[in-house]
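Student: I would like to go through this structure and ask what stands behind each term.

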Amino acid sequence: MSEFLVINGPNLNRLGVREPNHYGAKTLIDLEKELRQFAKSNQCQIAFFQSNVEGILIDKIHESEELFDGVVINPGAYTHYSIAIRDAIASISIPVIEVHLSNIHAREEFRHQSVTAPVTVGQIIGLGFYGYKLAVLALKNRIGGVNK
Ligand code: DQA
């Protein structure tokens with residue numbers, strides 16, 4: 001059975017209390033619960049990781065290559081400027097999909113750029129928790145050999 005890793009970057013541990021107008025009222029634990037359920041009904045397994053620290057995220061991205069079939073990542077604000085996270089994603093051979101809860105193009109101009117998206121398979125934005133589910137489906141589809 002395919003196993004995917006969902007990585008959430010800085011401040012995403014604050015979901016539920018943090019700017020609910022952008023990120024909604026549900027918590028990171030709620031997201032993980034929903035995705036675990038989703039994985040069950042979609043014949044795959046999902047592991048979760050969150051950190052506020054750039055280097056720890058980079059180590060996790062590196063490790064994921066040996067342990068998982070694909071990665072869903074929301075790099076938080078690192079999306080907009082971390083060349084180090086971009087290089088970590090580019091260094092692994094398993095597919096990575098970038099997700100953002102909010103529509104980054106409808107917000108401040110500094111959020112419009114993603115330095116990480118160009119080294120991912122694709123980016124899903126603005127759909128809240130549903131975006132993570134779509135990303136899992138896209139990874140399943142991808143490793144199943146379609147759209148390679
Ligand atoms: C975010 C968007 C980023 O601009 C922001 O810094 C976040 C969350 C999102 O999921 O919408 O931390 O990645």
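Tutor: This is a predicted model, in which local features need pLDDT of at least 70, side-chain atom pairs count only at pLDDT 80 or more, and totals for chains, interfaces and linings use all residues. Residues are numbered from 1 along each chain as its sequence is written, and side-chain values use heavy atoms, with hydrogens and water left out.

Student: What makes a residue one of those around the ligand?

Tutor: One of its heavy atoms must lie within 4 Å of the ligand. The residues that meet this include Pro10, Tyr23, Asn74, His100 and Arg111.

Student: How is that shell divided into nonpolar, polar and charged?

Tutor: Five are nonpolar, five polar and two charged. Asp, Glu, Lys and Arg count as charged; Ala, Val, Leu, Ile, Met, Phe, Trp, Tyr, Cys and Pro as nonpolar; the others, Gly among them, as polar.

Student: Why is the pair between the ligand and His80 called a polar contact?

Tutor: A polar contact is a pair of N or O atoms within 3.5 Å. An oxygen atom of the ligand is 2.7 Å from an N or O atom in the side chain of His80, so the pair qualifies. For the side chain of Arg18 the value is 2.9 Å, again from a ligand oxygen to an N or O atom.

Student: What makes the chain agree with a compact globule?

Tutor: The rule, taken over C-alpha atoms, is 2.2 Å times the number of residues to the power 0.38. For 148 residues a compact globule would have a radius of gyration near 15 Å, and the chain has 14 Å, so the two agree.

Terms used. Polar contact = N/O pair within 3.5 Å; in protein donor to acceptor, adjacent residues only side chain to side chain.
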